[in-house]
Amino acid sequence: MIITESRVRTAGLEAAVRAPSPYNTQPWIFEVGPVGVDLFLDEDRVLAVVDTGGREARLACGAAILNFRLAVAAAGWASTVELLPDRTRPELLARLGIGQARCPKAEESRLAAAIPRRFSNRRPFTEAPVPAHARHAVTAAARAEGANLLLLDESGTLGTVASLVRRADTVQGEDPAFHRELAEWTSERGGGDGVPAFAGGPRSAGGLLPVRHHGPDSQPERPYERDPVIVALTTPSDGPLSQLRAGLALQRVLLTATDLGLSASFLSQPIEIAGIRAELHQLLGAHEHPQSLLRLGYGYPGSPTPRRPLTAVTRRIPL
Ligand SMILES: Cc1cc2nc3c(=O)[nH]c(=O)nc-3n(C[C@H](O)[C@H](O)[C@H](O)COP(=O)(O)O)c2cc1C
């Protein structure tokens, strides 16, 4: 069977929108033209309170780019990606193209197969330790996309980072604007975006780290795992290009984890507050700009969060 370029492109776009995004905002628009797909930042979907400047939205779009690349590769085609192709249009994040037919690499097929299975697992994980080979694999995944993944229990910084997460969580918890924005994206929205109640975890009963609570306040508390594996994804510099690259690396880490049977959830609180992010940066090192903080472990099964239909996020340029 001959798979047409347009079917491959659709497969790439369907995979792209499965990328994670802050509060499931899906801050992307894909403009499909005769020679490729232009990916734009949807500025109306950048979170004004937790994501001033759009750093997290660019991470999400970077993750979408990796999904596109992997799905196209798994379908047996090469792809081209040009990040920030036009300096005069910073909202144009990437130009994506389909290249020649070619055999997929085994790793590309495995990671592409993990795209529909990956989800943010905010529930407590089991106490099973994450073995050395899995730690090595997620670290290598970040490196493959030009980022770094620091395992905080190995670097001796876990206690200090945990205190930054707790402080940032308290600062956000006391901010009415934070609560308004969270409520806007966690109530029943109905259009295939936002965080549905089923995707939230229970309130943490003590524990080292507060997982952001998305469910109703009446939910009971439960203890989380005693020795969480917390990793910091960092880039050697910062700015829109680094943030896009961090998004590709983030998604490669998440898909590698999924492929290994691991679950992950985000702890973005200290990265979302400029002053605390600066403290985290100082703690991790001059060349380690923190982009994402993740919790990894063996979780229980869960369900993927819905997305808006492809028609809501694509525009077609007439031939
Ligand atoms: C940059 C970024 C930051 C995020 N920060 C958090 C966070 O702090 N807490 C949280 O529970 N989820 C966080 N998420 C996860 C999103 O809420 C999640 O990706 C979205 O709801 C879609 O669900 P899925 O990941 O299960 O597909 C973040 C996602 C991204 C891309």
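This text walks through a predicted model of a protein chain with a bound ligand, from the overall fold to the ligand and then to single residues.

The protein chain is built from 11 helices and 11 strands. Along its principal axes, the C-alpha trace of the chain spans about 55 × 40 × 40 Å. For a compact globule of 319 residues one would expect a radius of gyration near 20 Å, and because the protein chain has 19 Å, the two values agree. Of the 319 residues in the chain, 55% are buried, where a residue is called buried if its relative accessible area is under 20%. That cut-off is worth keeping in mind for the single residues discussed further below.

The ligand is the natural place to begin a closer look. The shell around the ligand draws residues both from domain 1, which comprises 5-117 + 307-316, and from domain 2, which comprises 132-297, so the ligand lies between these two domains. There are 17 residues around the ligand, and those that come nearest are Arg118, Ser120, Arg122, Ser268 and Arg307. Sorted by class, this shell has 6 nonpolar, 6 polar and 5 charged residues.

Several polar contacts can be followed atom by atom. In the side chain of Arg118, an N or O atom is 2.8 Å from an oxygen atom of the ligand, while a polar side-chain atom of Ser120 lies 2.6 Å from a ligand oxygen atom. Phe266 takes part through its backbone, where an N or O atom lies 3.5 Å from a nitrogen atom of the ligand. As for how far the ligand is enclosed, it has 620 Å² of accessible area on its own, and the protein covers 98% of that area.

Two loop residues deserve attention for their backbone geometry. Asn24 is not a glycine, and yet it has a positive phi of about 55°. Asn24 is placed in the loop that runs between helix α1 (5-16) and strand β1 (28-32), and because its relative accessibility is 6%, Asn24 counts as buried. Leu84, which is likewise not a glycine, has a positive phi of about 45°. The loop that holds Leu84 lies between strands β3 (77-83) and β4 (92-101). What does a relative accessibility of 27% make of Leu84: buried, partly exposed or exposed? Leu84 counts as partly exposed, because that class takes in the values between the buried limit of 20% and the exposed limit of 50%.

The helices offer further residues to inspect. Thr139 belongs to helix α4, which covers residues 132-144, and with a relative accessible area of 12% Thr139 is buried. The side chain of Thr139 reaches back to the backbone oxygen of Arg135, at 2.6 Å. In helix α7, made up of residues 176-186, one finds Phe178, which is buried with a relative accessible area of 6%. Phe178 and Thr52 are separated by 126 residues in sequence, and their C-alpha atoms are 12 Å apart in space.

Helix α8 covers residues 240-259 and contains Arg252. Although arginine is grouped among the charged residues, Arg252 counts as buried, at 9% relative accessibility. From C-alpha to C-alpha, Arg252 and Arg143 are 9.6 Å apart in space, with their positions 109 residues apart in sequence. Helix α8 also holds Leu255, which is buried with a relative accessible area of 0%. Leu255 and Arg102 are 153 residues apart in sequence, and the distance between their C-alpha atoms is 22 Å.

A last stop is Gly201, in the loop between helix α7 and strand β6 (203-204). With a relative accessibility of 3%, Gly201 counts as buried even though it is a loop residue. Its C-alpha atom is 9.1 Å from that of Gln219, and the two residues are 18 apart in sequence.

Methods
Residues numbered from 1 in each chain as written. Predicted model: local features only at pLDDT ≥ 70, side-chain atom pairs only at ≥ 80, totals over all residues. Heavy atoms only, no water. Near = heavy atom within 4 Å. Polar contact = N/O pair within 3.5 Å; in protein donor to acceptor, adjacent residues only side chain to side chain. Areas by Shrake-Rupley, 256 points an atom, 1.4 Å probe, with all protein chains shown as cover. Domains from an automatic or database assignment. Helix = DSSP H or I, 4+ residues; strand = E, 2+ residues; numbered from the N terminus. Rg over C-alpha atoms; globule rule 2.2 N^0.38 Å. Buried < 20%, exposed > 50% of the residue type's maximum accessible area, 1.4 Å probe, protein only.
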